[in-house]
Each structure stands twice: as C-alpha cells, then as structure tokens.
Amino acid sequence: MGGVTLVTMTATPEPPLWVGNASGFYGDRIAAVHEMLTEGPVDVLTGDYLAELTMAILGRDQLADPGRGYAKTFLRQMRETLRLVMERGIKVVTNAGGLNPRGLADQLTELAEQLDLEPRIACVTGDDLLHRAEELGLGAPLTANAYLGGFGIAACLDAGADIVVTGRVTDASLAVGPAISHFGWTRDDLDALAGATAAGHVIECGAQATGGNYAFAPELVADGHDLDHPGFPLAEISADGSSVITKHPGTGGAVTTGTVTAQFVYEIAGARYPGPDVTTRLDTVELTQEGPDRVRLSGTRGEAPPPTLKVGLTGLTGFRNEYDLLITGDGAREKAAWAERQIRAKLEHRKPGELRFDFHPAEDPAGRTQDAATSRLRVTARDHDARTIGRGFGAAAVEIALAGYAGFHMSAPPRSARPDGVAATHELVTVEEVEHTVILPDGERVAVAPSARFQDLAAVPEPPLPAPPPEGPRRRAPVGAVLGARSGDKGADANLGVWARDDAGFAWLAHELTVEKLQELLPETADLEVTRHLLPNLRAANFWIEGILAPGTARREGQDPQAKGLGEWLRARQTDLPEALLP
C-alpha cells in the first residue's frame, strides 16, 4: 500500500486595513490630507472636524445661511486632492458634514463635476435632533445632535461609496465603520469593534498621537525626532480588531507607547468607554512597542452598548466684550480700584448684565523692564444685547484716560462685542428615538438598525493597587518629573489624564495622587466633584472634574476655557517625591 502524504494548509492572515487620519479638528493643518495621500500607502483616509465648540460655530453659520453648517475647509482640501483619491482608489470618510451632511455631499458632487470626476458619494444622517428637541425634552438649544456609530458608514462603503460624509458620529466611528465593512463584522463581534474603537480613539486627534501636545516632547527631540512638523497617524487594523498605530516612514514626530498613552487618556471618563456600537473596556487594552514608530494595541475587550445615545447640545450664552487697563509701577491696586470706580460710574445708566474687574499684579513694580513692572486690570462685560456692551463699553474707559490714574494706557482700542462662549451639555435619548439613516450613492435612503442587545453601564470595580512605593528620602519637585498629563473639555466638565512611564512611577501615582491630593495641588478643583479612575494596563489614571468649565465649553473665566493646559499646571505643581523616582 502506497504511502499518503498529508499536506496541511495554513491560512494566510488577512492583511490589515490601513486607516489614516488627516484632521483632528476644524482648523487643523490644511495640507495634511495631501500629505497623507502622498507620503505613503493608505486604504481609508478619515478626517475629524467636529468638537462641541465646532458644533456651535456651525450652528451660528447656519443661522446666517441655512445652506451652510458644514466644514468648508474640507471642500478646499478635496479640490486639491480628489483626483489623487480617485486615481489611487482610496476611500474617504469624514464628519465634515457637521449639521448639513447632505449639503456637503451636494457641494462635493458639484466639485467633482467641475473636475470631470465621478466619485460615488454617500452620507449618514439622522443625528440632528434640533427639530425634535422640545419633544424629546432637550429644551431649545442652538444645536442638538446624537452621536451615531460606525454601521451607517459601513453600509455606505458596502454600497460602493468612495466618499462618506457624516454628521455627528463618535470620533472613533470614522475608523470603526471602514473596519466593519472591510472585515464583515457584525454587531456581535464586540471585541473586534472595541479594538477598532481603541484604534480610532488614538488617531482621531491627528498629530496628538505622533508627538503633538506631548508632555515629554523635549525627550523626543533629544532622541532626534522632528516635532516641528509631525506626521499624522495611521492605524493598521487587523481582522480581530487589534491594531498597530504608526505613521508614514520619513515623516516627523514619533509613535511611542508614551504618545499613544497620552492620547488614550484624553477625553475619557472611566474604564468603560461607551459608544453606540460597543462599550470598550479601556482597562483591557495592552500597548507594546513593536519597533520604531510602531505601537501594537491588543487584548481590548468589548461589551454590548448602552440602550441610550449621547446627545450633544450647544447654545450661545449671549455677548462679551473686554479690555485691559495697564498700570505701571507702585500703587497698582489703589490705581485699579480708582479706575473701577470711574468706569462703574460711567456705565451707571447702561449697566451690562455682568461686569467684572480682575486685577493681575506685576511681576515686580520696580522691575528692570517696563513689562515686568506693569500690572493689568481686565474689565469684562457680558449681556444678551450686543449693543449694551459694544464700543460704548470700551469708550467708558477711554473717557477717563486723562482724568484717572497716573500712566493710564490700554492694551487695545474699543471694539464691538462678540458672541460669548458656548454652553455645551450632554443628554441621553433611547436608541429607538434616533432615526439613523444613510443616503447611498444612488440616492436610496436606508435605515440603519440599532444593536439588538444592550448592557447598562456600571462602574468598574477599583482595580487592586500595586505595591506601594518604597520608603526612602524625598525631595520637593514638580509632579511632571514623574508623570505625563493631558487634559481637555467635555461640556462643563474636564478630563485630566495622567500616566507614569514605569511601574515605580505608577505605584506613586496609584497610592499618592488621590482625589484629595489632586485637589490640594489644584486649588480650583477643591470644591468640585472629582472622580479618579485607575487604568493599570496603561500605568495611568483619569480624573473627571465636574463643573470646572460651567456652564460649558469656552465659557469658563480665565485664560484656558477648554482646560487644555490643566494637565501642564498639575505637572508644574511641586510636591514631595521619592528621590528614587527623580533624575
């Protein structure tokens, strides 16, 4: 009997889907789209243009012209690159549609005709709830948009779309949707969806994943990385949802476990990261430096999504005007009080709804330079009527220029009032109350069915603490000697993420940077509700600070209305640190 040779066939792994991002916000680097298309291969190019503040800006645009409401810069970028997109067969997925995705899709069609091109364009709608706001108990906002998921994007790509324009979807959905379409995932593939969500979250803010806004940027520069012009990130997403975060070879910036961690702890709350398609367990993500500019994301677990969708609401809070009076030399507080009395008297018959005087003392009233010797009195007015705080408000200060304190001068002449900050809030509506719909390239409208199973959100139990840091001598030093940080706004609240670069640093973070310690280091948070969430896999913690930006984005008093510098303030604060952790 002849011998039989058995040959075992090993399946070739499906190649990853290369998803690049070329925009982190409305106003990001215009040239990034062209750069991403020409600096290396990419299968899908995404662009994130929407933030809470952006939605209000687009809402204001649409009040002036109902045909607007989308990110106009995207059209400019497509004018320069659409031919390249079509020649290379690259799919484009963007939320630049804002409040008017169909309007942007129509504009793209006109642009394509001018260029003698025929891209198949689809759009995702149903997020805009403004016309139903009162019915849904959302009040009377300027904008009201539900955060949709990736399955609508996938439906458009499945129908052959070359370009998919959305309104408000979750930022990560721009990457998740193409992965759903490419790999054929269903709503039951929770771990894969969660893995793609993690990848999408990392690349959604553009160059923040490649060294931008990075707490330890000087170290990257010292290692030879060019941070003056960082490249934009790529996610190589695999069929199981794992991914590698990278960038095109030869571009600036760096992709390290540090830069990826910094983006991971940005704009999150706790270990459960809820979305419309999946709840991603951020505490399960593992990061591995695979090589230069290659960080693998693996192990991400997913759970069924919650039965509700987040709705972002924005509204304008009126009008604002301000100016600075500059006060040089000695007696600055007395001079400021004098100017305040005079200005209040001038405005007695035309009082703004809100009038503030904030004194900022000089570095040294007898300083070696005049700038160092100059104090500042900031005068701020707010009112619902722009005329009340228009140029006449500034003229009240000009009138006392020759009749007030010695050395009177202003930082700028009077100007007109401008729209005040945005009050941004979030509400929840049930999934059934939102009509997630896609308009396919042939014009057919198709409803996108929601998930068939849901799971209510619950707090993740506090993970066990690592062994405490060893006893030993301590030295007063800035927190930033041990920890990196990144912070930002979420409506009236702020997220402050911190991370350590080694286990010893995380032990100090876990045991000693408690809520109480944070409130001691950042006195502005002392009277606020603060919650800490530990993420041991990332050697990180996230602090959720409620109400620090009340009533919402870009409305907080002070110089940082979106809490972008909050993390760097924490890193500059000094405390007693174990000498073993210090250089």
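The following paragraphs lead through selected elements of this predicted model, from an N-terminal strand to two helices and the cysteines.

The account begins with strand 1, residues 17-21. Of its 5 residues, 4 are buried, so strand 1 is largely enclosed by the rest of the structure. Strand 1 pairs with strand 7 (residues 233-237) in the antiparallel sense, over 4 bridges. Within this pairing, L17 has I237 of strand 7 as its bridge partner. Strand 1 also runs parallel to strand 2 (residues 44-47), to which 3 bridges join it. Here G20 is matched with L45 of strand 2. Between these two parallel strands, the chain passes through helix 1 (residues 32-38), forming a β-α-β crossover that is right-handed.

Helix 10, residues 332-346, is considered next. For its 15 residues, a rise of 1.5 Å a residue predicts a span of 21 Å, and the end C-alpha atoms are indeed 21 Å apart, so the two values agree. The buried residues of helix 10 are A332, K335, A336, A339, Q342 and I343. Because these buried residues cover an arc of only 125 degrees around the axis, they lie on the same side of helix 10. The spacing reflects a general property: an α-helix has 3.6 residues a turn, so residues three or four places apart point the same way. The other side of helix 10 carries exposed residues, namely R333, E334, R341 and A345. As for the surroundings of the buried side, the buried residues of helix 10 pack against strand 15 (319-328), strand 16 (354-360), strand 17 (374-383) and helix 11 (391-398).

Helix 11 shows a comparable arrangement of its own. Its buried residues are F393, G394, A396 and A397. They cover an arc of only 140 degrees around the axis, and therefore they sit on the same side of helix 11. The packing partners of these buried residues are strand 15, helix 10, strand 16, strand 17 and strand 18 (409-410). Helix 10 thus appears among the partners of helix 11, just as helix 11 appears among those of helix 10.

The cysteines complete the account. A search of the whole structure finds 0 disulfides. C156 accordingly takes part in none, and the nearest cysteine sulfur, that of C123, is 7.1 Å away, whereas a disulfide requires a pair of cysteine sulfur atoms within 2.5 Å. C156 counts as buried because its relative accessibility is 0%. C205 has a relative accessible area of 14% and is therefore buried as well, the limit for this class being under 20%.

Note on methods:
Residues numbered from 1 in each chain as written. Predicted model: local features only at pLDDT ≥ 70, side-chain atom pairs only at ≥ 80, totals over all residues. Heavy atoms only, no water. Buried < 20%, exposed > 50% of the residue type's maximum accessible area, 1.4 Å probe, protein only. Expected span 1.5 Å × (residues − 1). Arc of directions from axis to C-beta. Contact = heavy atoms within 4.5 Å. Pairing = 2+ DSSP bridges. Right-handed = clockwise from strand over helix to strand, strands pointing away.
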